[in-house]
Every structure is written in structure tokens, then in C-alpha cells.
Amino acid sequence: MNGFINITEDIFYVGVNDRETAIFENLWPLDKGVSYNSYIIRDKKNVLVDTVKINKFSVFIEKIRNLLNGEDIDYLVINHMEPDHSGSIQEILEEFPNMKIIGNKKTFEFLNDLYGIQKNLYEVKDGDEIDLGEHKLKFYMTPMVHWPETMMTYETKSKILFTGDAFGGFGSLDGGIFDDEVNLDFFEDEIRRYYSNIVGKYSPMVQRALKKLSDVDIKIIAATHGPVWRKHPERIIEKYDRWSKYESEEGVVIIYGSMYGNTEKMADHLARKIAEQGIKNIKVINASKTHLSHIINEIWRFKGVMLGSCTYNTGLFPPMEEIVQWISHTGLKNRVLGIFGTYGWSGGGVSTIEKYAENFKWPIVNESVEAKLSAKEDDLKKLDELAKAMADAVKNN
Ligand SMILES: Cc1cc2nc3c(=O)[nH]c(=O)nc-3n(C[C@H](O)[C@H](O)[C@H](O)COP(=O)(O)O)c2cc1C
Ligand SMILES: [Fe+2]
Ligand SMILES: [Fe+2]
């Protein structure tokens, strides 16, 4: 098995799967693995586009050797310097010492800061082009998608856009690598998770990049993670456009923190009442058990968010604290909020969520419901009102 895969007759996939790293960036769960995608264009000048995380270097270099059969790599394009893509640059440079490294000013600053590489540099600016023979490369600077140096590279013969992290997602490529070969429901969910966890904070910069690319004729999207979009590249562009405009689907995510189940009961009550209003997408999530990564993904997807917490040492239950901090930090807009919770004596759970919520700047659909130790008849009535208000707020979104 030679390992590389044709994208066109002279452009190849030489990426790798990582099924051994448990958490990406030492933070985000990789239960379904991840791919680090890399590509080779063969022409008078051979080009490698991005590299892979160093733990997979041996698999990577074997594919490259099999493909090139002794030929040289003339250029390495670095679209993004995060180590999941830049990690093998030093080793590649040792194998191909004549190779020129294509990047922008910021790329080279990071290349020196991370790896001490200062030689073989070929600097490009926004709109610059390089002729390879039959193919031509054109460079688009797309800063902060996802780091300051990030750029995209457009290949003019087959109209392939190499996009770096943009349009990429978690999940290893198990056999199929193209959008028409894989289960897209799975990958779209994992791409939204990657987007919301990693790129979402920079949504305004994603919008800027999408505008810059709007008149580029894109036939294939080749990102650094997840499938290569050759059949319907417009499909993932449209999703990215929606996510970065903070658009949402009709539905409600109810996230709760509960030690002994009383706050959880309130969450279940809300969910039932919202369902009775005809809302079908309702997710009830235990913050103690579900990783922040998946919670953020659901919040990025749905219009309605309900946060519930018991009181813990006069404040918020710790797993809920992480969530409200994240929402404050990420700048996500256009969601509607409902708050509920429990306390025993001093209170502090619900009021802390309310304090954080001032930063979210999301409309609150109805007043918070806070029960003493457990929800009684009165509290349940208030929950009914909260549920109704939430259902109304997310309908016809
Ligand atoms: C470890 C612990 C610390 C608590 N700290 C407070 C507190 O500081 N103030 C308060 O009003 N209630 C406090 N409570 C009471 C809980 O908020 C209350 O029992 C609530 O109903 C628990 O909800 P749950 O059944 O969803 O876990 C505490 C409870 C526990 C077990
Ligand atoms: Fe990145
Ligand atoms: Fe990445």
C-alpha cells in the first residue's frame, strides 16, 4: 500500500490519521480521532502543502517517498503554523534541504520562534502568485482563521483551495476522504465542534475571509482536517457562513449542574414543557459528565440555551462555572437564555449565572426560577412559564 490518494491526476492527498492522541490541544476530546491533512502538487516544481503533527511523521514521510519516487520537493507552503500542521517542518527540511518554505512575514516570525528555522524562506503577500509549470498558486491572507499568520492557497488549474483549519473538523478519515465518500452527518457535527471550540471566537475574521474569497471559483476545498470537499464545496462554505454569523437552528439546549438531582428534575420538567410546545430539538446535558467541547458545539447549534445550577459553597456549581466563563469569552451572539437552579440557605447559584449573563448580552426569555432545595408546586408553575417563553423565543427562528 502506497498510502497517497489522487485528488486530481497530479494533486495528491498525503495526510495522516491520528487515533492515539486522546485530547487535541491537550484540551478537546478526540473520541473519533482526527486527521492532519497534507497535499502534494506535482509539476515542474513539486509542492507540499502543510505538514502533520510530529507523532505521525513516519507514516507521512513514507507516503511522500512513495509518491515522489526520488524526486525533490521544491516548495513547502505553510498555511498555518500551529504544531498540528507545522510539527514536521524540520524533519521535512532535513529530507529535502533544497526546498523553499513559502509563508508570509508572520509565518516566518513563528517559524523562527518555534523551530529556529531562518533559511530557505520565500515570502509571499496577499494576492501573490507562483508559477509551478502547469499549475499556479495564489495566496490569500486570512489572519486569525485561526492564528495571525493563517493564509489560504489557491491552485488555479484544478481550482482547489487549500484552506488550513477553515472548513476542517475532528474525526479521522476512515477509508473515505472525499465528501461524497463519507457520512456527512457525522463530519458536519465534528466540523461544527472544531469550529465552535477552536475557531468560533474569531467568527468576525472568518466572515472577513469569506468575503475576500467570494469571487474565487472554488471547485475543491482541501482543509487541514476532515474530508476534502469535491462534490459540494458550497455546502460547507454555507455552513461556515452561518456559524460565523452566529445563526442557529430551532432547538433548546438545557445544561444543568446538580449534585443530588433536584436541579436535574427542574431541567427535565423544562424539557417536557418545551416539547409540549412543539419543539423537537431539545438536549438536556449534565455538565458534570459531558465535556465542555460537546456542550459548546450544542450551544453553537441551537437558538435556545437554558442554564441551571445548584448552589455550591455560596456560588456556582464548578462544572457550570467553566461553561458560563466560556460563553462570556467566546462572544457568541443571537442566542436566547433561560436560568434556573436551587439553593439551601444563602443562595448564589442562580445569581452567579445572572451576573455572567450580563456579559453574554443575550435576551433573557423570562425571569429566573430558583427553588429552595427542591422545586415545589409554585416553582413548577414558574418553570412552565419559563418553558413557554423559551419555546416561543426559538420558534420560527
Ligand atoms: C457541598 C454542598 C455545598 C453547598 N453550598 C451551599 C451554599 O453555600 N449555599 C446554599 O444556599 N446552598 C448550598 N448547598 C445546598 C444545595 O444548593 C441544595 O441542596 C440544592 O438543592 C442541591 O441541588 P441538587 O439536588 O440539584 O444537587 C450546598 C450543598 C452541598 C451538597
Ligand atoms: Fe489551528
Ligand atoms: Fe489544525
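Which helix is the place of Glu190? Glu190 sits in helix H5, and we will come back to that helix after a look at the whole chain.

Some ground rules. This is a predicted model, where local features need pLDDT of at least 70, side-chain atom pairs count only at pLDDT 80 or more, and totals for chains, interfaces and linings use all residues. Residues are numbered from 1 along each chain as its sequence is written, chains are lettered from A and ligands numbered from 1 in the order in which they are written, and side-chain values use heavy atoms, with hydrogens and water left out.

**The whole chain**

The chain has twelve helices and 23 strands; these are DSSP runs numbered from the N terminus, with H or I over at least four residues for a helix and E over at least two for a strand. Its radius of gyration is 24 Å, close to the 21 Å that the globule rule gives for 397 residues, so the chain is as compact as a globular protein of that length. (The radius is taken over C-alpha atoms, and the rule is 2.2 Å times the number of residues to the power 0.38.) Along its principal axes, the C-alpha trace spans about 75 × 40 × 40 Å.

Of the 397 residues, 57% count as buried, where buried means under 20% relative accessible area, exposed means over 50%, and partly exposed is in between, with a 1.4 Å probe and protein chains only. As for contacts (heavy atoms within 4.5 Å), residues 24 or more positions apart account for 72% of those with a separation of 6 or more. The accessible surface comes to about 16800 Å², and carbon and sulfur atoms own 47% of it; the areas come from the Shrake-Rupley method with a 1.4 Å probe, and for residues only the protein chains shown count as cover.

**Helix H5**

Back to H5, which covers residues 184-199 and is mostly covered itself, with 13 of its 16 residues buried. At its start, a side-chain oxygen of Asn183 reaches to within 3.0 Å of the backbone nitrogen of Asp185. Glu190 is buried at 6% relative accessibility. Leaving out residues up to four places away in sequence, Glu190 touches Lys32, Gly169, Phe170 and Gly171.

**Helices H7 and H8**

Arg242 belongs to helix H7, residues 233-244, and counts as partly exposed at 28% relative accessibility. Beyond residues up to four places away in sequence, Arg242 touches Glu247 and Ser248. Arg242 and Gln207 are 35 residues apart in sequence, with 9.5 Å between their C-alpha atoms.

Thr263 is in helix H8, residues 262-276, and is buried at 0% relative accessibility. With residues up to four places away in sequence set aside, Thr263 touches Gly257, Ser258, Gly308, Ser309, Cys310, Phe340, Gly341 and Thr342.

**Two loop residues with positive phi**

Here are the backbone oddities, side by side.

| Residue | Phi | Place |
|---|---|---|
| Asn120 | about 60° | loop between helix H4 (105-115) and strand S11 (121-123) |
| Phe167 | about 70° | loop between strand S15 (160-164) and H5 |

Asn120 has its positive phi although it is not a glycine, and the residue counts as buried at 19% relative accessibility. Phe167 is likewise not a glycine, with a positive phi of about 70°, and Phe167 counts as buried at 2% relative accessibility.

Key. Polar contact = N/O pair within 3.5 Å; in protein donor to acceptor, adjacent residues only side chain to side chain.
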